[in-house]
Amino acid sequence: MMKKKWWHGKTAYQIYPKSFMDADGDGIGDLKGITGKLDYLKELGIGIVWISPVYQSPFVDQGYDISDYYAIDPSFGSMDDMECLLKEAKKRGIAIVMDLVVNHCSDQHAWFQAALKDPFGKYGKYFYIKEGKNGKPPCNWRSYFGGSVWEKLPGYDNLFYLHMFAREQPDLNWENPEVRQEIYRMIRWWLDKGIAGFRLDAIINIKKDLRFADLPADRDDGMCSPAAMLAQADGIHAFLQEMKQEAFAPYEAFTIGELFDFREEELERYIGEDGCFESIFDFAPHMLGASGRGWYDRTPVSLDEFRDAVFESKAVSQRIGMMANIIENHDEPRGVSRYLPECGRDETGKKLLAGISLMSFGLPFLYQGQEIGMTNKHFQSIREVDDINTLDEYKVALEHGFGEEEALQIISGMSRDNARTPMQWSSGIHAGFSSGAPWLAENENYGEINVEEQEGRADSVLSFYKELIALRTDPEYAMTVVYGLQEPFGRDMADFTGFYRKGTKHTLLVLANCRAKEREVEVLHTVRRVVLNNYVEPADCVRIRPFEGGSRVVMKGWQFLTLEV
Ligand code: TEU
């Protein structure tokens, strides 16, 4: 069994601060708002909270463009507010994790401003500044948010700086030891303040292919995807190990990497015993249906594909380390809208999806609003969209011949703004999020879907999440739920997810009937106890018929069960 860590049995929760809770009524969520909701989080059973960036920022990419790593953006409050939040969280046994965005900074950061003034001086070397080819970019890499990764340096005809994301997010030059030391110093400064650790943003991007050469084009624009470049870049581990030794290890910090495109054979080096991180997110189900051409070319994903992606990922990872399980985050659409077919998108289906995610091997990582089953927003017009990534994908769809209506449909399913609408606390004004008009309009369904309504109801999605979370610290089942190996059950059945969690003391069998029709599942075990059931009415109790050598479980449409066998 893997070496035990303090965080293994916890449940984590991501806060997108701009949309979580607004204490001062300006329509933007803030630190005081978060502090005011700590009791809610504790009640839910949360032990770790990751807060998306609250640093000073011009908000071109909603805080992922940082202009001062040592300052809190005034729209979120002050450093005193941050310290107060840390103190109050500590009182409640909640660890606070901040976002570490160090692949790039903002073009408004003092370093970049100095580089603009003197590209050949000290600060020019903080970035990737290269000569172009007769006024054209040095190579054909495409940025994540569209267009070339190269942007002309103002005032020069043939000098370019590199940005993997927006042009207002210049990449920091990790090859420069001075830059790395600046970053480690900043990390230690925050850890000294008492935060528990960091979520590492887009971290795979810090190592570039230093040949800066053209790669085969994969779209009509003549460019190649960032992933194609990353596949050629070697040597990231030296940076990550150095960062661990110099900044994280002395504090025993919790670190969770946001890694797409990592090489599977390198997993051990990321989250194994001597890995550079404690954990990484398991994005396997979220990569399904993706296309190199853009969102317009994505295919829908079924729950059976979701199941297979989870199984394949766990088969590789669960003996190496503990990845974090998500169904959504601030970059993804709402999980219930994405993975549940329309007929299963009610509270029963939402609980089923919650059950599959939280009973799988891994650290459960909830995203704000997931616990009440918040859904995608219905966008009526592209003018309702704020997100830079969505606006680019809208453009890509138009360029590929889709009309405005169709393009809106395409981006609606994937837009990052689906997850960024205000948290739905109540059916009151602005969903109880703010007394003022929110920076991004509420989802119109807050009257039906909100915390206040669900808190008092035993059969709500929220109540089921509490039950699932409590199981991770249950004296009887915790060890099995946290450490038990996950092994597939009934994988050949369609519209069905089943798996074991095999612990030393107990074996749990998780069954999810992912369709509206009833079905009978044959289990070659005696059922000792029903541990979880997403149907609560006594009339809907589980029907289990024992037979010689096993049991037949009659499952209702969208029923989720966990049985001790
Ligand atoms: O995301 C990194 C990343 O790879 C995403 O851009 C992802 O490809 C995209 O969102 C899928 O739709 C991180 C942050 O989570 C994201 O919010 C930032 O925009 C990005 O880094 C840049 O900092």
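Biologist: Let's start with N205: in which loop is it found?

Modeller: N205 lies in the loop that links β9 (197-200) to α6 (226-230). Helices (H or I, at least four residues) and strands (E, at least two) are DSSP runs, numbered from the N terminus. This is a predicted model, so local features need pLDDT of at least 70 and side-chain atom pairs count only at pLDDT 80 or more, while totals for chains, interfaces and linings use all residues. Residues are numbered from 1 along each chain as its sequence is written, and side-chain values use heavy atoms, with hydrogens and water left out.

Biologist: Is N205 buried or exposed?

Modeller: Buried means under 20% relative accessible area, exposed over 50%, and partly exposed in between (1.4 Å probe, protein chains only). N205 has 2% relative accessibility, so it counts as buried.

Biologist: And what does N205 touch, beyond residues up to four places away in sequence?

Modeller: Take contact as heavy atoms within 4.5 Å. On that basis N205 touches N103, Y144, M164, F165 and L230. There's also a polar contact (N or O atoms within 3.5 Å, one able to donate a hydrogen and the other to accept it; residues adjacent in sequence count only if both atoms are side-chain atoms). Here the N205 side chain reaches the backbone oxygen of A202 at 3.0 Å. Further along the chain, D261 is 56 residues from N205, and their C-alpha atoms are separated by 9.6 Å.

Biologist: Can we try the same reading on H163: where is it found?

Modeller: Look in the loop between β8 (159-162) and α5 (177-192). H163 has a relative accessible area of 3%, so it is buried. Its side chain gets to the backbone nitrogen of R167 at 3.4 Å. Setting aside residues up to four places away in sequence, H163 touches S143, S148, V149, W150, E151, Q169, P170 and D171.

Biologist: Now α5 itself: how does it cross α7?

Modeller: Fit a line to the C-alpha atoms over the stretch in contact, then take the angle between N-to-C directions, from 0 to 180 degrees. The axes of α5 and α7 (residues 236-248) come within 9 Å and cross at roughly 40°. Under 35 degrees is roughly parallel, over 145 roughly antiparallel, 65 to 115 roughly perpendicular, and the rest oblique. So α5 and α7 are oblique to each other. In this pairing, R180, Q181, Y184, I187, R188 and L191 of α5 meet F239, E242, M243, E246, A247 and F248 of α7.

Biologist: What about α12 and α16: at what angle do they cross?

Modeller: Roughly 20°, with the axes of α12 (residues 347-359) and α16 (residues 461-470) coming within 10 Å. That makes α12 roughly parallel to α16. On the α12 side you'll find E347, K350, K351, A354, G355, L358 and M359, which meet V461, F464, Y465, L468 and I469 of α16.

Biologist: L353 is in α12 too, so is it buried or exposed?

Modeller: Buried, because its relative accessible area is 0%. Leaving aside neighbours within four places in sequence, L353 is in contact with L303, I327, G335, V336, Y339 and L340. C139 is 214 residues from L353 along the chain, with 44 Å between their C-alpha atoms.

Biologist: One last residue: what does S415 contact, leaving aside its neighbours within four places in sequence?

Modeller: W295, P333, F379 and T390. S415 is in the loop between α14 (404-414) and α15 (451-455), and it is buried, with a relative accessible area of 0%.
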